[in-house]
Amino acid sequence: MKSNLSAAEARRIALAAQGFGRPRPATAGTRQLNGALSRMATLQIDSVNVFARSHYMPLFSRLGAYDTAALDRLLFARRAPYVEYWAHVAAFIPASDWGLFGFRMEALREKYGSQPGGWFDTHRETVDWIRAELAARGPLRPAQIEHDSRKASRGPWWDWDVVKHALEYLWLFGEVAIAGRRGFERRYGLAEQVIPPEALTVQVPRDDAIRELVRRAARAYGVATAADLADYWRIADRKAVLSAIDELTDAGELHPVTVAGWTTGGKPAKAWLHADAATPRRVDATAILTPFDPVVWFRDRAERLFDFEYRIEIYTPAHKRRYGYYSLPVLVGDDIVGRVDLKADRASSRLLVQSAWWEHGAPADAAARLAEELRTAAAWQGLETVSISHWGDAVDDVARAMPGALRHDAGSREPVALAADEPSG
């Protein structure tokens with residue numbers, strides 16, 4: 001096994017580990033969805049819905065157009081095989097992995113739920129009432145709890161924000177679990193109402209759990225630094241992560257490597273290659289990525305792998321944005337070659353390309369490949385047309401590759417058709 005990797009080899013290893021080294025299936029059903037979820041090990045949740053819910057995007061990026069209802073059944077059905085927890089922030093994990101996060105549940109309870117006079121102690125009456133409600137009625141949406149509280153005239157202690165906080169704390173502590181969603185509103189149930197008994201009773205010692213999570217992160221990343229492996233599950237205990245790496249290295253599951261261009265303090269950064277990682281000679285993918293895809297969610301790693309400096313600008317004032325409200329990385333071949341800011345205008349059934357930009361080294365066919373992916377993305381979301389703005393150094397290239405697309409001003413929602421002899425720039 002090689003001990004020195006080129007930057008291109010590291011990119012291909014990382015992308016293959018995430019499922020980008022294989023052709024998209026003709027049809028993506030449950031088996032393909034489960035396979036992609038297994039390779040990622042977790043699926044981050046985010047509420048932004050400008051183009052598509054973020055948790056739908058990684059499966060689209062890897063598998064192409066698929067029926068999101070099939071994913072909903074895996075994630076939200078009664079006794080679904082996946083459940084939400086604070087894994088890589090709020091994320092889906094296999095329900096069978098619930099016990100792996102017992103150490104985190106315990107730490108969060110110690111931090112937020114054990115101090116005399118703290119928030120949890122101060123609001124214990126509310127917490128106890130919520131426990132009783134869930135025990136008696138089963139999983140509930142917050143709106144149902146609110147309705148019940150008003151009907152029961154709970155008294156002057158009632159505060160809806162307190163109830164929401166209590167539910168979130170109980171979820172972080174592992175006492176409550178998410179029993180699916182209605183729309184995007186969570187249904188909360190006691191853990192024993194949601195988690196399979198065999199998973200609920202598993203007690204995984206802290207060191208064993210961290211070692212297993214580091215193992216899974218290493219497999220999902222292919223090649224990674226200690227910081228990468230820690231960030232995959234947001235494990236703050238650096239000593240525990242390094243200890244897990246040492247144990248996995250001694251067991252032959254990880255192999256120390258250096259990657260060209262990966263440095264720390266001017267010296268080669270320590271990195272590890274998973275024993276099962278493939279090193280394909282070529283990765284030829286085309287994909288639009290969510291900001292919360294494991295390929296780019298750790299911004300330091302994205303910069304190391306792709307020389308791609310990435311920050312989303314949702315909270316940046318509009319006049320200060322460089323790339324757009326919700327710019328999405330564009331993968332072509334084995335590199336990130338651009339970014340597009342997409343918006344689904346469902347009222348007019350249009351996919352709006354609010355901006356598009358090239359990165360270094362975009363290949364000659366990048367515009368054509370991105371154009372095809374935009375067509376696929378629009379059809380996947382049930383949108384009939386695509387409209388491209390005039391903002392960004394890639395928009396005219398993409399427009400030329402999509403002769404049927406409309407154009408619109410970056411600040412406008414209303415696209416206009418170009419005359420046949422009107423230049424697309």
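**Reading labels in a predicted model**

Me: Where is Glu 309 found in this predicted model?
Reply: Glu 309 sits in the loop that runs between helix H15 (299–306) and strand S13 (327–333).

Me: Why does Glu 309 count as exposed?
Reply: Exposed means over 50% relative accessible area. Glu 309 has 51% relative accessibility, so Glu 309 counts as exposed.

Me: What makes the surface patch of Asp 300, Glu 303, Asp 307 and Glu 309 negative?
Reply: Asp and Glu count as negative. The patch is formed by Asp 300, Glu 303, Asp 307 and Glu 309, so it is called negative.

Me: Why is Val 89 called buried?
Reply: Buried means under 20% relative accessible area. The value for Val 89 is 19%, so Val 89 is buried. Val 89 belongs to strand S4 (residues 89–94), and its phi is positive, near 45°.

Me: How do you know that Ser 349 is buried?
Reply: Ser 349 has 13% relative accessibility, and the limit is under 20%, so Ser 349 counts as buried. Ser 349 lies in the loop between strand S14 (335–345) and strand S15 (350–358). Its phi is also positive, near 55°. Most residues other than glycine have a negative phi.

Me: In the open sheet with the order S1-S8-S11-S7, what makes S1 and S7 stand at the edges?
Reply: The sheet has four strands with mixed pairing. Strand S1 (4–5) and strand S7 (223–224) each have a single partner strand, so one side of each has no neighbour in the sheet.

Me: How do you know that S7 and S11 pair?
Reply: Pairing requires at least two bridges. S7 and strand S11 (residues 271–274) have two bridges, so they pair, in the antiparallel sense. Ala 224 has Trp 272 in S11 as its bridge partner.

Key:
Residues numbered from 1 in each chain as written. Predicted model: local features only at pLDDT ≥ 70, side-chain atom pairs only at ≥ 80, totals over all residues. Heavy atoms only, no water. Patch = residues over 30% accessible without salt bridge, like charges linked within 9 Å, V, L, I, M, F, W, Y side chains within 5 Å. Areas by Shrake-Rupley, 256 points an atom, 1.4 Å probe, with all protein chains shown as cover. Salt bridge = Lys/Arg side-chain N within 4 Å of Asp/Glu carboxyl O. Charge placed at Lys NZ, Arg CZ, Asp CG, Glu CD. Buried < 20%, exposed > 50% of the residue type's maximum accessible area, 1.4 Å probe, protein only.
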